[in-house]
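Student: I have a structure open and want to learn how to read a helix in it. Where do I start?

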Amino acid sequence: MNLLLPFAAQCVHIALMVLTAPTVAGALDWTEARLAGRTGVSWFAPWQELARLRHKQPVLAQSASPLSGAAPLVCFGALVLAATLVPSFTLGMSFAPFADLLVIAGLLALARTVLALAALDDGTAGGAIAARQSMVLALGGEAALLLVVLALGLAAGGTNLDLIVGAAQAGLMHPSAAIAIAVSALAVLAVVQRDVGMPEAACFSASGLALLRLAEALRLLLWIDLIGAVFVPFGMASAGDFPAGWGIGLVTWGVRLALALGLLAGLRTAAGRFSWRRIPVLLMLALLLASFAGLLALTRAGPV
Amino acid sequence: MNGPVLTLFVALIAVLVVIGAAGLTWPRQTRPMVGLLAGMAAGLCGMLALVVLLLPGPSAGLVLPVGLPGAPFSLAIDPLSGGFLLLVSIAGTAALVFAAEASPADQPNPTPALAIAVAGLLLTVLAADGITLAFGLVLGGGAIWTTRDSAASLATPLALVLLAAASVIVALGLLSPAGGGLLFPAIRDHPPDALRASFAVLAAIAGMGALLGIAPLLPAHHALPPPAAALLSGGLLPAALYVLVRILLDLGRSAAPLTASLPLLLGGAVAVLLGGYRACRSEELDTAAACGSVRQSGMAAIGLGLVLLGRDADLPDLAGLALSAVLLLVAMQAICGTLVSLSAGAIRQQAGTRRLDRLGGLMHAMPITSLGLLAGLGGLTGLPPAPGFAALFLLFQAALAAPHWYGLGASVLLVTLVLLLAIGSTLAGIALVRLVGMACLGRPRVPRAAAAEEIPSPARPALLVPVGLTCLLGLLPGPAVRLLAGGAIGDLTGAALAQHVGWLTLAPGAIAPGYAPVPVGLLLGLGIGGAFWWRHRRTRIDGRTAPLWQDGFASAPPWLPFGDPVTQWNGTVCLPSWPAVSRPWSKAWLGRIHRRLTAPALALIAAGILLALLAWSARP
């Protein structure tokens with residue numbers, strides 16, 4: 001029973017992440033459209049899109065190497081693993097010991113790098129521009145993310161995500177200002193990811209493109225879960241606390257998700273889509289916030 | 001066990017020198033045979049090193065009947081040298097096999113000089129006194145540089161090697177007691193006072209820092225044949241890092257740790273930033289690969305700085321974590337650095353150019369070389385499950401465990417270091433995308449690159465074996481660190497290695513196992529397998545290839561068989577340009593000195609300094 005419930009929680013979590021990710025993306029699009037005064041498409045439009053793409057014939061450029069075929073698989077695999085490691089409704093799932101924030105950051109970087117390589121495999125100017133944009137995004141984004149990990153790791157005493165969320169639940173994360181600033185940096189990064197999307201996706205077609213759309217939706221859900229788990233970790237029960245704990249966890253997860261969707265859609269409606277020229281500014285802001293959070297956490301941390 | 005192994009090592013080093021010397025006089029047609037014989041000798045050295053590592057025993061020493069008058073060469077094997085011997089042997093074997101089988105027939109074959117260089121580098125790692133160490137460094141470094149194209153000057157690189165050797169003599173001279181003859185056991189038995197030891201350590205950092213940071217960027221590096229560039233990257237740089245580890249952590253224990261820590265951290269940060277930046281801006285494949293070596297050395301220097309910080313704060317856990325990271329970085333440099341240099345060199349040979357804007361599409365024509373470049377550059381990046389990620393993870397955990405009581409300045413430095421580590425890791429990823437994307441992916445840009453052919457079959461193991469080793473190092477970094485320096489880390493830092501580097505995990509905490517590459521790799525494989533299943537489930541739609549959509553550009557005219565160049569990325573702009581800095585020798589009096597300080601003059605000055613130091617070190 002001690003092993004079974006965490007494993008069951010892990011399986012439910014994986015299923016939830018993969019099955020709800022396109023729906024969450026659709027819900028976000030619908031909310032944005034409603035806030036902008038438009039009707040908006042169905043929440044399930046991304047699912048229809050996935051089904052449509054999956055039955056189309058893939059077209060590859062004449063110069064494409066096997067990398068082009070493998071890139072969507074690796075990108076999806078990396079993002080699904082990263083999403084698997086970020087807790088949603090319970091703590092202490094089977095894979096929790098491997099859920100290190102550095103590993104999650106590394107998996108996000110792996111997905112981005114493989115896609116950038118595949119975009120260059122086409123040999124077109126469009127693919128190269130997409131790869132360059134992605135790399136510029138990586139330069140600021142990954143540095144900011146690692147500084148956030150430093151701040152959270154110093155405050156919680158380790159970089160394991162379950163450890164961090166547990167410390168946040170117990171109110172042991174100090175100083176609180178550093179955590180708040182670190183989470184703000186994460187939020188800025190999430191907004192940037194949402195706005196930029198996956199520019200390399202234009203180089204793919206059919207089932208490869210469907211996998212990338214699913215991966216993009218998973219990445220959005222991952223960011224929402226990550227920020228929610230660190231900043232509002234309330235209601236997340238232990239994996240062994242079945243069924244009451246799971247039920248409460250699922251409800252609070254839904255509330256967190258709804259809040260995040262509302263905030264993201266509201267921001268998009270109020271500020272509009274950030275143009276590519278404003279993205280480096282946002283990245284610098286995230287980097288500054290993350291540096292400040294790291295510095296604050298270091299200066300306030302006691303002797304080892 | 002170590003005694004007979006040391007004797008065998010000496011015999012193999014002698015064989016390498018004899019093969020190299022004989023190869024210089026034999027006809028050119030015999031050079032491949034010379035290379036294979038030397039490669040076998042280097043491979044045997046690697047196997048002996050494995051024996052030393054797998055069957056650890058007490059340290060063994062040997063005094064040779066050759067050397068300077070009154071100062072015979074003295075050698076020793078201990079837990080620290082075993083791992084470095086293995087790494088230098090791997091790099092040497094790969095370079096020699098490549099040189100024997102893939103060197104163009106119409107160009108001078110570098111195998112004899114490389115055999116001597118491998119012997120010199122092995123001597124450096126085995127040395128148990130300052131004279132032998134400096135001699136090995138000069139022999140190894142000098143022999144590598146002699147293989148350069150005749151058009152390039154030999155004086156500047158030689159001066160650099162001589163100055164590095166001189167710094168070693170100065171450092172060991174300061175550390176050794178009067179009449180000790182620069183022998184390591186004498187230094188260990190009679191450590192100097194903290195001030196002398198601190199100066200010694202600073203001298204070693206200056207010399208080795210120059211070798212690590214400047215040698216790969218010299219103009220003469222362009223003129224090195226591919227296997228020589230690979231041995232420089234995978235053999236000389238790890239040997240130089242070994243010298244730093246030996247002097248900083250073993251012989252110079254009595255030095256004030258912070259004195260050496262700060263220059264290492266700052267110098268490492270500069271090297272990470274500049275090396276990474278130049279790797280992303282360089283227009284030539286092999287220059288970018290060399291800049292990657294500088295970045296890698298910078299990360300190792302930061303790791304060494306953290307080791308000293310841990311020693312100063314009496315935090316053996318921090319020192320153990322950081323030293324494990326340093327050893328992993330050195331292993332990556334020896335394996336992945338060799339792989340990248342050999343692959344870049346093979347592309348240069350087969351495609352007839354090193355310029356990125358004249359390459360492209362080599363994944364089809366040279367699949368094994370492209371795989372080598374991808375695996376080598378991928379291994380150096382901080383992407384799981386590559387070995388670079390394991391090293392970054394350990395360095396990050398060490399930074400997290402660093403003491404916080406030095407004040408605001410130290411906190412700013414630590415945050416800056418983490419920021420630079422992150423930027424360095426990202427720059428490695430950008431370099432991977434840019435170099436592999438430009439050289440191996442997409443369409444060919446010129447007819448010469450389109451006509452490139454894969455390297456000959458007998459030379460392919462020189463690339464494929466390091467590819468396999470890179471995968472092993474990525475999936476099993478813990479066993480690799482334990483194998484390479486399991487005993488040495490405990491001896492040098494006082495840390496219990498098992499607490500930080502497990503067989504399957506790195507930096508485990510009280511409740512979390514840290515980074516576990518095998519489960520992460522397995523889960524990643526499961527995710528990829530699941531995606532593959534979803535993609536092909538109940539669909540039997542075969543893909544088709546089609547001509548490129550040129551983003552609205554008109555079709556290229558017939559005289560541009562690879563399309564209009566403007567429709568392909570030229571790779572020259574990847575990052576913003578560095579702000580221009582006025583050069584100090586723009587002033588008149590500095591300009592006069594700069595003009596007179598020609599390369600031969602520099603080499604002469606360096607040789608003079610080295611001789612003077614040797615005379616000083618032989619004082620009674």
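Student: What do the buried residues of α21(B) pack against?

Tutor: This is a predicted model, so read it as one. The buried residues of α21(B) pack against elements of both chains. From chain A come α2 (45-54), α3 (66-85), α4 (101-121) and α8 (206-231). From chain B come α18 (461-475) and α19 (477-493).

Student: Which residues of α21(B) are buried?

Tutor: They are P517(B), V520(B), L523(B), L524(B), G527(B), A531(B), W534(B) and R535(B). These residues share one side of α21(B), because they cover an arc of only 135° around the axis.

Student: Why do residues three or four places apart point the same way?

Tutor: An α-helix has 3.6 residues a turn, so such residues point the same way. Now look at the other side of α21(B): L522(B), L526(B) and W533(B) are exposed there.

Student: How far does α21 of chain B reach from its first C-alpha to its last?

Tutor: The helix spans residues 517-536, 20 residues in total, and reaches 28 Å. That is close to the 28 Å expected at 1.5 Å a residue.

Student: One partner was α2 of chain A. Where is W47(A), and is it buried or partly exposed?

Tutor: W47(A) sits in helix α2 of chain A. It counts as partly exposed because its relative accessibility is 31%. Together with L19(A), W30(A), W43(A) and F44(A), W47(A) makes a nonpolar surface patch of about 500 Å².

Student: And chain B as a whole?

Tutor: Chain B has 23 helices and three strands. Of its 620 residues, 60% count as buried.

How values were computed: Residues are numbered from 1 along each chain as its sequence is written. Chains are lettered from A and ligands numbered from 1 in the order in which they are written. This is a predicted model: local features need pLDDT of at least 70, side-chain atom pairs count only at pLDDT 80 or more; totals for chains, interfaces and linings use all residues. Side-chain values use heavy atoms; hydrogens and water are left out. Helices (H or I, at least four residues) and strands (E, at least two) are DSSP runs, numbered from the N terminus. The expected span of a helix is 1.5 Å times one less than its number of residues. Buried means under 20% relative accessible area, exposed over 50%, partly exposed in between (1.4 Å probe, protein chains only). The arc is that of the directions from the helix axis to the C-beta atoms. Contact means heavy atoms within 4.5 Å. Patches are made of residues with over 30% relative accessible area and no salt bridge: like charges are joined within 9 Å, nonpolar side chains (Val, Leu, Ile, Met, Phe, Trp, Tyr) within 5 Å. Accessible areas come from the Shrake-Rupley method with a 1.4 Å probe; for residues, only the protein chains shown count as cover. A salt bridge is a side-chain nitrogen of Lys or Arg within 4 Å of a carboxyl oxygen of Asp or Glu.
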